[in-house]
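Grab your viewer and work through these exercises one at a time. Try each task before you read its solution.

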Amino acid sequence: MNEKKTSLAVAALRGGTVIDHIPSEALFRVAHILGIENMSNAVTIGYNLPSARGARKGIIKVDGVEFDHQTLNRIAVIAPTATVNIIRDYEVVSKHPVELPDTLIGIVKCPNPKCITNNEPMATRFDVSEHDKPTLRCHYCNHTVAGADAEII
């Protein structure tokens, strides 16, 4: 048998969520946002996997969980190329890229220590000026931050 094996064997999910095409450098931040360290569900993490899109990627499979839009918005800030697959009865019922809204409320901490959001009890608000490589601008102090450098709250 001289057959070359080119596929990766990972257990199929009966139901849950697969987040694919996560940039490798963002994988563990995404895992933290999902809170997988506190889950009792089965979780599979793939790191530095080859991707048909060229660069290396990460993947996270979580059994029995579908994540809300607020959680997926947090992921879109640091991993805008990620895709979300919803699995039910071993079938993909929904597949879509994460979508970064035009405005983020209560998701990112402003890095400006003088910003009112760091000194008063109020939600942060950022306007997204670029979606491909997210650039965020604080609505209150106009401070900008790259999505990859954003502190997710």
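**Exercise 1. Work out the strand order of the open sheet, its edges and its twist.**

Step 1: the order is 6-8-9-10, so you have four strands with antiparallel pairing; strands pair if DSSP finds at least two bridges between them. Strands here are DSSP runs of E with at least two residues, helices are runs of H or I with at least four, and both are numbered from the N terminus.

Step 2: strand 6 (103-105) and strand 10 (144-146) are the edge strands, each pairing on one side only.

Step 3: going from one strand to the next, the twist averages 30 degrees (axes are lines fitted to C-alpha atoms, and angles run from 0 to 180 degrees between N-to-C directions).

Step 4: zoom in on strand 9 (residues 135-138), which runs antiparallel to strand 10 and is joined to it by three bridges. Leucine 136 sits opposite valine 145 of strand 10.

A word on the model: it's predicted, local features need pLDDT of at least 70, side-chain atom pairs count only at pLDDT 80 or more, and totals for chains, interfaces and linings use all residues. Residues are numbered from 1 along each chain as its sequence is written, and side-chain values use heavy atoms, with hydrogens and water left out.

**Exercise 2. Find which residues of helix 1 are buried and what covers them.**

Step 1: in helix 1 (residues 27-34), the buried ones are Leu27, Val30, Ala31, Ile33 and Leu34. Buried means under 20% relative accessible area, exposed over 50%, and partly exposed in between (1.4 Å probe, protein chains only).

Step 2: look down the axis of helix 1: its buried residues fall within an arc of 160 degrees, so they line one face. The arc is taken from the directions from the helix axis to the C-beta atoms.

Step 3: Phe28 and His32 are exposed, on the face turned away from the buried side.

Step 4: the cover includes strand 1 (15-23), strand 2 (43-49), strand 3 (57-63), helix 2 (69-78) and strand 11 (151-152).

**Exercise 3. Explain why cysteine 115 and cysteine 138 don't form a disulfide.**

Step 1: a disulfide is a covalent bond between the sulfur atoms of two cysteines; the cut-off here is a sulfur pair within 2.5 Å.

Step 2: the sulfur of cysteine 115 is 3.7 Å from its closest cysteine sulfur, in cysteine 138, so it's too far for a bond.

Step 3: both are buried, cysteine 115 at 1% relative accessibility and cysteine 138 at 0%. The structure holds zero disulfides.

Conventions. Contact means heavy atoms within 4.5 Å.
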